[in-house]
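Reader: Could you walk me through this one? I would like to start with the ligand surroundings and then move on.

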Amino acid sequence: MSALHYRTCNLCEAMCGLTIEHDGQRVLGIRGDEQDVLSAGYICPKAVALKDLHEDPDRLRRPQRRLGDRWEDCDWEQALDECASKIVDIQRRHGPHAVAVYLGNPTAHNMGALVFGVGLLKTLGTFNRFSATSADQLPHMLAALHMFGHQLLMAVPDLERTDLLVIMGANPIVSNGSIMSAPGMKRRLAAIQKRGGRVIVIDPRRTETAAVADEHLFIRPGTDAFLMAATLNALFAAGDVDAGRLSPHIDGMAELERLVKPFTPQRVAPITGIDAATIVRLAKDLAHTERAAWYGRVGMCTQRFGGLNGWLLYALNIATGHFDAPGGMMFTKPAADIVKLATRLGETGHFAKGRTRVRGLPEFGGEYPVATLAEEIETPGERGIHALITMAGNPVLSAPNGKRIEAALGKLEFMMSIDPYINETTRHAHMVLPPVSQLEQGHYDLALHAFAVRNTAKYSPPLFQPPSDGKADWEIHVELASRIVQKRGGAAGLAARVVRPALLRMGPERVLDWVLRRGPYRLSLAALKAKPHGIDLGPLEPCFPERLNTPNKRIRIAPSEIATDMARLERELEAPRASLLLIGRRQLRTNNSWLHNSLRMVKGRDRCTLLMHPQDAEARGLVAGQRVVLRSRAGEVEVPLQLTDRIMPGVVSLPHGFGHAREGVKLSVASRHAGVSVNDVTDELEVDALSGTAVLNGVPVEVSAAADRRTSEATDASAAE
Ligand SMILES: Nc1nc2c(c(=O)[nH]1)N[C@H]1C(S)=C(S)[C@@H](COP(=O)(O)OP(=O)(O)OC[C@H]3O[C@@H](n4cnc5c(=O)[nH]c(N)nc54)[C@H](O)[C@@H]3O)O[C@H]1N2
Ligand SMILES: Nc1nc2c(c(=O)[nH]1)N[C@H]1C(S)=C(S)[C@@H](COP(=O)(O)OP(=O)(O)OC[C@H]3O[C@@H](n4cnc5c(=O)[nH]c(N)nc54)[C@H](O)[C@@H]3O)O[C@H]1N2
Ligand code: SF4
Ligand SMILES: [Mo]
């Protein structure tokens with residue numbers, strides 16, 4: 001007997017609705033749910049990996065204790081107790097900041113972890129917090145904080161109504177969108193074109209998204225700030241700046257005009273690789289298309305001027321009347337309003353309230369840049385790091401200079417990881433605490449519904465009963481936090497005894513219900529349970545100035561905290577430029593570093609190849625398929641070379657998330673399709689000087705023939721990238 005279960009895929013930000021056929025014990029099939037209010041049947045090839053993850057024999061079912069290079073099963077009571085004791089002891093000896101935390105990306109896709117993770121962090125009370133944010137969306141959050149008064153007030157392109165969509169540093173056809181939950185991008189982009197609109201892609205690679213766009217412009221990596229400043233310059237010069245309805249609510253427009261003055265299209269053209277006439281035309285198109293949005297994402301965040309980019313992107317949209325207006329960059333009205341909730345809790349965000357010990361880089365939202373993690377562990381002294389807790393993260397593969405991080409992890413007195421796998425990072429832990437499978441948990445996208453192209457709400461109940469000795473992330477958080485408090489003793493310790501069972505009884509669902517009831521639609525968990533395909537709450541709506549969180553309820557279009565970095569950009573107008581720059585590349589069957597243990601995601605040809613333009617290969621005497629050494633200041637890897645004219649001359653590209661051949665990794669499938677880690681080449685010392693965001697795109701590199709002369713099969717331009 002088989003039955004159908006409806007749920008939202010939580011692997012990426014697209015929130016696709018799934019129809020899962022099962023027999024109560026096993027998943028029989030996964031397909032798209034045509035009735036899902038957001039995805040209408042669309043899924044990507046990764047959805048089936050949910051079954052593989054659930055069944056994966058390498059996925060840990062019980063806590064693992066490491067003894068040298070051997071692992072042994074450990075029961076939960078003992079494991080939690082040991083971890084709590086270690087943490088309390090280290091904090092007692094070295095102070096609260098001696099225990100550092102790293103939070104990884106899946107946290108944002110995990111309802112329980114979002115609700116209860118905060119409690120654990122508060123309990124730990126450490127300044128030494130790191131996360132994937134500083135290798136990702138930090139610049140958008142920084143702009144939101146200083147322009148609109150709240151770090152979570154990030155804008156989303158109104159795909160349903162736009163007639164001109166500029167996509168800069170994003171490849172949503174492959175990534176399925178980010179800070180733009182929009183399942184079925186191909187269909188959505190085609191719809192724009194069908195109504196007579198246009199899509200323009202600005203990217204150093206002619207991507208899968210560029211392939212379906214109306215126009216593609218190569219841009220030299222790391223130069224987006226020049227392009228956007230020059231576009232603004234052209235808009236001011238032509239008298240085309242008009243913020244429309246928002247005009248009376250903006251401070252700093254004259255300052256913005258002054259700041260972009262030096263960046264004329266003529267001056268930036270040779271830097272960006274986009275000619276002046278094209279920049280002027282882009283400005284005109286943007287100003288004179290009633291419904292237009294200039295969207296940018298990871299490629300423009302994780303680069304030399306990421307911080308400026310986040311701001312300039314919003315400023316461009318605001319200055320042309322394409323902000324908080326239909327068809328432009330808009331804001332959601334989520335059923336669980338995390339912006340309001342965070343504001344009520346006093347968490348609107350902050351920046352540069354503290355600085356790292358070694359390099360003096362700024363905190364953001366209470367976290368330090370991940371590019372400083374290794375040096376902060378290596379450097380003893382006050383506020384030095386003696387222990388690390390990783391939760392749903394794999395910094396050895398995801399943060400710059402993974403080799404250095406790896407070496408640093410080996411020096412820790414204690415490390416524990418909350419993670420279902422023993423992978424490149426968690427293999428260094430002394431204890432690994434595995435959460436139960438996603439299919440054994442309820443799910444609501446608390447974070448991502450707030451960044452979707454349409455207001456919707458959907459709850460997914462657990463499909464399978466979790467094993468009696470299994471724990472979800474949130475239960476691990478609660479158990480660990482309460483044990484820490486108890487071991488510290490005193491009155492709080494006694495109280496924790498009572499609070500713990502109460503929290504465990506409550507669970508994230510009760511909290512979700514509470515938040516939904518206080519949300520703008522007065523929904524409830526029961527209301528969502530009654531609609532297994534989700535509830536459509538309508539298109540995005542203008543909400544400024546009401547939703548602004550600045551003290552005077554006005555937009556700061558030239559916030560000094562960010563704009564101060566324009567001086568560095570101006571100096572860079574004259575700077576010499578590296579001849580070869582490395583960028584990244586997401587692929588359809590990857591999910592950062594952790595889906596490669598599903599055979600369906602890795603089988604076939606080696607996809608961890610270095611893309612290079614034939615012209616650059618010729619200049620170096622290199623041929624397609626040959627093994628080459630990719631080298632930077634930080635390190636080197638050896639990879640097969642793939643030639644294509646779909647990459648800009650002077651640029652090479654390697655995907656991230658590979659590199660599973662590392663010793664001690666217990667990923668039997670991934671290890672056989674290991675690839676190399678691009679983050680053994682990215683440089684932890686290269687950060688956006690303003691925000692501390694890692695530079696993962698635009699890393700100066702050299703490429704030369706490897707001693708190993710083997711060529712791998714057909715890595716020519718016709719092969720998929
Ligand atoms: N060179 C380069 N580097 C990059 C990027 C790039 O484009 N280029 N992209 C950056 C970006 S955007 C991001 S978001 C980061 C990601 O950086 P990370 O978050 O550090 O890395 P992930 O690969 O997402 O690792 C996720 C980890 O969580 C575990 N996990 C999965 N699901 C769960 C769960 O439900 N609970 C728990 N406890 N654990 C779980 C997995 O086993 C894995 O260990 O990488 C960044 N690094
Ligand atoms: N299949 C798949 N989907 C994913 C993920 C995955 O690993 N695999 N990861 C998820 C995560 S964590 C995130 S954050 C999102 C990210 O989603 P996207 O932001 O769409 O990420 P990418 O596909 O990496 O696209 C970045 C683009 O920027 C380009 N680029 C590089 N340098 C520059 C530059 O200097 N300027 C400009 N203009 N462009 C540049 C790259 O060529 C690339 O096409 O994807 C999510 N979805
Ligand atoms: S696009 Fe993202 S959410 Fe949709 S099926 Fe693929 S991985 Fe899941
Ligand atoms: Mo990300």
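Author: One definition before we begin: Ala, Val, Leu, Ile, Met, Phe, Trp, Tyr, Cys and Pro count as nonpolar, Asp, Glu, Lys and Arg as charged, and the others, Gly among them, as polar. With that in place, the shell around ligand 2 divides into eleven nonpolar, 14 polar and six charged residues. Please keep in mind that this is a predicted model.

Reader: Which residues are the closest to ligand 2?

Author: The closest are S175, D203, D224, T590 and N592, out of 31 residues that surround ligand 2.

Reader: And which polar atoms does ligand 2 meet there?

Author: An oxygen atom of ligand 2 lies 2.7 Å from a polar backbone atom of N592, while one of its nitrogen atoms is 3.4 Å from a polar backbone atom of V174. On the side-chain part, a polar atom of K46 is 3.1 Å from a nitrogen atom of ligand 2. The protein covers 97% of the 920 Å² of accessible area that ligand 2 has on its own.

Reader: Which helix gives the most to that shell?

Author: Helix 5 does, with three residues; helix 5 spans 172-175, and both this helix and helix 12 (298-301) supply at least two residues of the shell.

Reader: Where does ligand 2 lie with respect to the domains?

Author: Domain 3 (154-331 + 544-569) and domain 4 (578-705) both give residues to its shell, so ligand 2 lies between them.

Reader: What about ligand 1, between which domains does that one lie?

Author: Ligand 1 lies between domain 2 (64-126 + 369-443 + 459-533) and domain 4 (578-705), because both give residues to the shell around it. Of the 30 residues around ligand 1, Y102, N105, D419, D473 and S593 come nearest. A polar side-chain atom of S593 is 2.5 Å from an oxygen atom of ligand 1, and a nitrogen atom of ligand 1 is 2.9 Å from an N or O atom in the side chain of N679.

Reader: How far apart are the centres of domain 2 and domain 3?

Author: Taken over C-alpha atoms, the two centres are separated by 37 Å.

Reader: Changing topic, is R568 buried or exposed?

Author: R568, which lies in helix 22 (residues 566-572), is buried, because its relative accessible area is 13% and buried means under 20%.

Reader: What does R568 contact, leaving aside its neighbours in sequence?

Author: Beyond four places in sequence, R568 is in contact with R304, F305, D688, A689 and L690. With R304 in particular, a polar side-chain atom of R568 lies 3.0 Å from the backbone oxygen.

Terms used: Residues are numbered from 1 along each chain as its sequence is written. Chains are lettered from A and ligands numbered from 1 in the order in which they are written. This is a predicted model: local features need pLDDT of at least 70, side-chain atom pairs count only at pLDDT 80 or more; totals for chains, interfaces and linings use all residues. Side-chain values use heavy atoms; hydrogens and water are left out. A residue is near a molecule or strand if one of its heavy atoms lies within 4 Å of it. A polar contact is a pair of N or O atoms within 3.5 Å; within protein, one must be able to donate a hydrogen and the other to accept it, and residues adjacent in sequence count only if both atoms are side-chain atoms. Accessible areas come from the Shrake-Rupley method with a 1.4 Å probe; for residues, only the protein chains shown count as cover. Helices (H or I, at least four residues) and strands (E, at least two) are DSSP runs, numbered from the N terminus. Domain bounds come from an automatic or database domain assignment. Buried means under 20% relative accessible area, exposed over 50%, partly exposed in between (1.4 Å probe, protein chains only). Contact means heavy atoms within 4.5 Å.
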